Protein chains: 4
Amino acid sequence: MTSDHRIARRHFTAGSALLLTATVMGALSLASAQSPLQDARADPALIDDASRYLLSRSLAPELVTADDIVELDLDSNALNAAGRAMYAERFIHGAIYKARPDVKAVVHSHSPALIPFSVSSVPLRPVSHTAGFISDGVPVFDIRKASGITDMLVSDGDRARRLAETLGPQPAVLMRGHGVVVVGTSLPIVVGRSIYLELNAKLQTQAIALGGTVTFLDPQEARGVMAAGENGGYQRAWELWKRKAAAR
Amino acid sequence: MTSDHRIARRHFTAGSALLLTATVMGALSLASAQSPLQDARADPALIDDASRYLLSRSLAPELVTADDIVELDLDSNALNAAGRAMYAERFIHGAIYKARPDVKAVVHSHSPALIPFSVSSVPLRPVSHTAGFISDGVPVFDIRKASGITDMLVSDGDRARRLAETLGPQPAVLMRGHGVVVVGTSLPIVVGRSIYLELNAKLQTQAIALGGTVTFLDPQEARGVMAAGENGGYQRAWELWKRKAAAR
Amino acid sequence: MTSDHRIARRHFTAGSALLLTATVMGALSLASAQSPLQDARADPALIDDASRYLLSRSLAPELVTADDIVELDLDSNALNAAGRAMYAERFIHGAIYKARPDVKAVVHSHSPALIPFSVSSVPLRPVSHTAGFISDGVPVFDIRKASGITDMLVSDGDRARRLAETLGPQPAVLMRGHGVVVVGTSLPIVVGRSIYLELNAKLQTQAIALGGTVTFLDPQEARGVMAAGENGGYQRAWELWKRKAAAR
Amino acid sequence: MTSDHRIARRHFTAGSALLLTATVMGALSLASAQSPLQDARADPALIDDASRYLLSRSLAPELVTADDIVELDLDSNALNAAGRAMYAERFIHGAIYKARPDVKAVVHSHSPALIPFSVSSVPLRPVSHTAGFISDGVPVFDIRKASGITDMLVSDGDRARRLAETLGPQPAVLMRGHGVVVVGTSLPIVVGRSIYLELNAKLQTQAIALGGTVTFLDPQEARGVMAAGENGGYQRAWELWKRKAAAR
């Protein structure tokens, strides 16, 4: 099988998964992946290449189809853009895949529930067991401190490298006045984490609004949730999300 | 009629009801039942067996169909799973049916409006007459105090027994950082209570946000609501919920 | 034309209007009327009888069709129920038509945005010009003060008479821990007021949440809004609401 | 080509754009334009006439079609109304086009998230980079201070002139107890700004609710966002908004 065929196959499977992701998560979310859907994993040699990742061309996420998926290297150069415009912030994805070999999928979104925590002195903390994956908290990337006065966009390799440094070994990083980046070892996991991190932000906001004291997840409990398999890799919900996406 | 036929009949009617329940209440809710829909009550001997209950196999609730309903005993052993995976937290249901002979239906959900009250020092109290059934308040089950450091899941008989103890004779119990369990004497009642308990949480949250003092339901008023029939057993709304579910 | 024909005609036109009302306002709202849609006003003698009003039989409002409309007298006796169950709280409507000859339509709803103001010491006040009709504020009916310990329902003539007294000459009355009653001189007006009163509650709640001081509508401004025709009797929006209802 | 043909052509293209705008932004928003969709810009002489603007006749915005578009002069006299009723507040649009030659499109809406900031002592400020266009803040027009006691409507040329003065060189002006006016150099820009200004209001409201200190966009950062092209003129999102509108 030629390299071209490999790319086409990867595009097809990952394209379907990225399309599902956009449909499930809404217009402000953008996913990239190194790992296509599980049913394509039968031949890992065919699909896993740690020096490449897949991302849509510049397009409103809800409009993405398989044909819009482009292959990029870890410096976020598009390898088969064929003249199509790419996202200015694609560097976020490349820099994280470079810094975190364990990461196989990345979501960058402008989650409305999370942005307030990116600008507040009040830290995001796990309220619900479904947010057990943030037992160590979520770092905040302030681009002003990292790169001075900018247009707020992580639109070059240097800014992206500093964002990846702030992320460190964590599952997510808030971007001050901008949004969030969530990472994981598969598309279902990164989508599940994105959904439940937003939900946790809503729950914490409401709990604070009640005016009393708030009991957060104990770090040991959070580690217990992770050790138990982090909601089974979100496979049960993933089946539902796929059906909902297919029905649209 | 053989035992097999009895099970099939019970599965069909209860399966329809559980499916409706999942559709009405959304993807995070899970209902079990000992009492099928009223139209199957003509022959109580056929359907009521206090040593058994019905619950879906492990599946996103919105995807449940009649074929997914499994029969369990009160230790939450699946009797006809035929190899299908079961929910890790099925023990919640069995332990409550065992401890509360008056209970014929149980809903466990991750209601976003209720979870903040499960982690706040501010107690959930009845604001609206539709929440008259919580005149005595809603206990909070903190799994850390009952069972130490866990993965937050009520995934064995011992944790479930302690949850049932915290529930006591009440209609609902909040689970700290997790969700809620609501019980009742029929599926319409347990669904109605689940919906109106969530609504009450929203109303109380908003009333607190206004910053003044809040007048709660008088306990005697709440008992008056219950004595008057608790919204007629939710039969009027149940007809609407069924139609909405059928239209999807 | 016989009396029967008159009733049938009134039922048809008012039934359509009440159905629209339920569809526009959702499942928790219940409208009654003495004035059918304007296109039936050509012959006022045919339709206006101040000793009668029209209301659905007991049914989830979203399920109401023309055949469900029943005629009642001002003591809220159903004249043509033909054995069908009636709402326990129909007395609200009769008592208000009796006390307020200017009122031709009544909506009782459990508006989630308004109930918090019914239990808070913070009064509902006009934030937006679209709520100019509450320039004198909105009284709160506390059934405990009026009728002692009850089941919270305005389910007899005496409780309803006290509610109407609290309403006085105002366009609306909040019911503590229960909901709201809104009145007007036509169905479009009462529906418009119901929608904009709920909107105003949301706006006031959010304005308070900002933590600063809030500037309310000046009473003279509110009277200016009313003198200018209260949004043209909501006729522009009424056309949209009808189309939306018809499309369902 | 005759003047009539020119008007017809302008009506068709701008009508489509205004219809899209109403569909995307909901029933409470009203857009006017001097600049039709970009695909009609091929012949600027055909479509750009700074002494005229296009606006729907008085109609719920969601019901507007191309046939409802009317041409007005900058005193907001309708030139081809043919007896059709016009909006009482059309003067807002004319006065702004007269005062601001740079403005080619105007949206007036009753955004529920923005009205609280129009009545609060807490000013609206940019939380998110997508609100970089309000780096200088958003002025508040209090009609009571400008024009004394009114019916709150900007329904004549004098009130509208004072509103335009308060707007000054800014991209938006809040109207106390009423709504907002947003301006821009094209329909996509004014729609994008309207959507993101409302989003920023929600984010700021939630950030305040967390109770800590809030970090706003640095004015230099905001200018950086603008210099970088203000989200590319919202062209990527505009494609999505058009598709969503067409699918309804």
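Where in chain D is D:Ser76 found? I began my notebook with that, keeping in mind that this is a predicted model.

**Entry 1: Ser76 in chains D and C**

I looked up D:Ser76 and found it in the loop between strand E3 (69–73) and helix H3 (91–99) of chain D. Its backbone caught my eye: phi of D:Ser76 is near 65°, a positive value in a residue other than glycine. I noted that most residues other than glycine have a negative phi. Next I asked whether D:Ser76 is buried or exposed. D:Ser76 counts as buried because its relative accessibility is 2%, and the cut-off for buried is under 20%.

I then turned to chain C. C:Ser76 lies in the loop between strand E3 (69–73) and helix H3 (91–99) of that chain. Phi of C:Ser76 is near 65°, again a positive value in a residue that is not glycine. With 1% relative accessibility, C:Ser76 is therefore counted as buried.

**Entry 2: Arg90 in chain B**

Which residues does B:Arg90 touch, leaving aside its neighbours within four places in sequence? I wrote down B:Tyr53, B:Leu55, B:Leu72 and B:Ser76 as its contacts. B:Arg90 sits in the loop between strand E3 (69–73) and helix H3 (91–99) of chain B. I also searched for a charged partner. B:Arg90 is buried yet has no salt bridge. B:Asp73 is the nearest side chain of opposite charge, and it is 8.1 Å away; a salt bridge would need a side-chain nitrogen within 4 Å of a carboxyl oxygen.

**Entry 3: Tryptophan pairs**

How many aromatic pairs does the structure hold over all chains? I found twelve. One of them joins A:Trp238 and A:Trp241, an edge-to-face pair with 6.3 Å centre to centre and 90° between the planes. These two, A:Trp238 and A:Trp241, are about one helical turn apart, because they are three residues apart in helix H9 (residues 235–246) of chain A. Both A:Trp238 and A:Trp241 are buried.

In chain B I looked up B:Trp238 and B:Trp241. They form an edge-to-face pair too, at 6.3 Å centre to centre with 90° between the planes. Why are B:Trp238 and B:Trp241 separated by about one helical turn? They are three residues apart in helix H9 (residues 235–246) of chain B. I closed by checking their burial: B:Trp238 is buried, with a relative accessible area of 4%, and B:Trp241 counts as buried at 11% relative accessibility.

Conventions:
Residues are numbered from 1 along each chain as its sequence is written. Chains are lettered from A and ligands numbered from 1 in the order in which they are written. This is a predicted model: local features need pLDDT of at least 70, side-chain atom pairs count only at pLDDT 80 or more; totals for chains, interfaces and linings use all residues. Side-chain values use heavy atoms; hydrogens and water are left out. Helices (H or I, at least four residues) and strands (E, at least two) are DSSP runs, numbered from the N terminus. Buried means under 20% relative accessible area, exposed over 50%, partly exposed in between (1.4 Å probe, protein chains only). Lys and Arg count as positive and Asp and Glu as negative; His and the chain ends are not counted. Contact means heavy atoms within 4.5 Å. Rings of Phe, Tyr and Trp (its six-membered ring) pair if their centres lie within 6.5 Å; planes under 30 degrees apart count as stacked, over 60 as edge-to-face and the rest as tilted.
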